[in-house]
Amino acid sequence: MSEKASKSHKTIFGTTEKSNFILNMTNEQFNKFASISFSIGFILIFIFSAIAEILSHQEISEKNYDWRILPSIPLAVTGLIGISVFIIALIKQTLGKKQIIASILVLLLTVFMYISYINAVTASSDYSAFLGNRYGRYEGFMVLLCYLFIFLGSMSINKSGTVNSIFKVFTVIMAIECIWAVLQFIPSFPNRYYRIPYLLKNPVLPSGTAGSPVFLATLLSIGLAISVYGALYSEKSRFSVLYSIAILPVSFFLVKTQCIIGFVSAAIIVVFVLVTFTRNKNKKKLSSTPVIMMFTGIIAAAAFIFIKGFNILDGEIIWHDGCGRLGAFGQYTSTLENSFDIHNPVETYSFMWTKAIEYIKQFPVTGIGPDAFLIPQSRIAINRTALSFDRPYNEYLYYAATLGIPAAVSFASLLIYSAVNGIKSFFSNKNWISYAALTSAVTYIVTSVITNSTATVTPFVWFLLGICCCTFTTEKE
């Protein structure tokens, strides 16, 4: 081999070229690896979430609640995929200033999470700071790390085509979620929200495989942003047809969840899509059909709700999920002195936020510990006190209460940084992927005041937040 040929490949510490395949990996190979790996990871999350949803309806002994941990298993795999993609990009030195700043914010959040982890409350035998609360959501330190790993991996992607391929997988998943939601209108099909004990008149609410109509609304908000922009801007192909087909059912079930997140998400997406559609500075002729289909789905759901009797059911959904499905909440009662009206969303959220603020005052720096919000409210391991709950349904307050104020500030800073980068891409008209990512990021930032994370949905959110921080190269580059 000539001297020129021997220098054509990079090596580490003089090792062989074959052992340095990461350094010698082409950009095309790197993005193909990211595309295939992330696609497999998210498919597994969906499959395991579906299995957990089915098992949650089975009569299982109280000693065996392991179905709750199922979504966290593929999440761990996807987290490893994310950190692997990030490390490869780091070794290949393809990360820019934008990604370095985001990485620093992730590092800060990780440090504060770890401080909370080592100081976590361990008073309950069913609580592990690493895995989380056994009688809850298994969303401990490991799951939180996986969210951040997914973010790091997604922001390392540098080809829009790679993201487009993963978005296709997302769209297929959303379409199946809608099919699942349709089946949930059939009484014999498993649906935790076909009968809610706190309601005299029980509407049928879709929850898909997300576990709750509230979580399904978060997932479908991502699906609607991707499908509308994909139908508007993607090149004509069988998948552009899929984007178009998905718009109507996704927009319908987003609103039919009958929770505030569904309504707010739909409004935000409509505003962003209309702004993009009317600006259209690149002068590409856009079809109005996707926009019309989005409005059709939203209006049809609104009409269906009003015919049956308009209700916003956040309180009922939250307590039925936490108490009836997971057993992580205590029973709701209106007889206690400190009770609230579960049919009033304002009172429901105010009740939970007040408890979060109380914990923040007690543990301002380290927090209670990852997934430990329920522990101070529990008398014994498996019997919950009335009105006890494991999440305040406010991500900012939850981070502050469980991980400490520094962690909450880092979390909010990371979200804002992602949105700012998304806005820059949005107004520079780079591509429709940037539009979908920003719309999803802003929707999540706004609705995070009335929701909490879950292993069935939140991985998709963190992936989109990472996409806001991507720097896409041209084909020549």
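In the predicted model, the buried residues of helix α9 pack against five helices: α7 (213-233), α8 (238-256), α10 (289-308), α14 (405-427) and α15 (432-447). The buried set comprises I261, G262, S265, A266, I268, I269, V270, F272, V273 and T276. An α-helix has 3.6 residues a turn, so residues three or four places apart point the same way. Helix α9 itself covers residues 260-279, 20 residues in total. From its first C-alpha to its last, α9 reaches 29 Å. The span expected at 1.5 Å a residue is 28 Å, close to that value.

A second buried site lies in helix α16 (residues 458-467), which contains F463. The relative accessible area of F463 is 0%, so this residue counts as buried. Leaving aside residues up to four places away in sequence, F463 touches F38, F42, I150, S154, I157, I166, F167 and F170. One of these contacts, F38, is 425 residues from F463 in sequence. In space, the C-alpha atoms of F463 and F38 are 9.5 Å apart.

The cysteines were examined next. The structure holds 0 disulfides. C468 takes part in none, and the nearest cysteine sulfur, that of C469, is 6.5 Å away. A disulfide requires sulfur atoms within 2.5 Å. C468 is buried, because its relative accessibility is 3%. For C470, the closest cysteine sulfur also belongs to C469. The distance is 7.7 Å, so the two sulfurs are too far apart for a bond. C470 is likewise buried, at 3% relative accessibility.

Key:
Residues are numbered from 1 along each chain as its sequence is written. This is a predicted model: local features need pLDDT of at least 70, side-chain atom pairs count only at pLDDT 80 or more; totals for chains, interfaces and linings use all residues. Side-chain values use heavy atoms; hydrogens and water are left out. Helices (H or I, at least four residues) and strands (E, at least two) are DSSP runs, numbered from the N terminus. The expected span of a helix is 1.5 Å times one less than its number of residues. Buried means under 20% relative accessible area, exposed over 50%, partly exposed in between (1.4 Å probe, protein chains only). Contact means heavy atoms within 4.5 Å.
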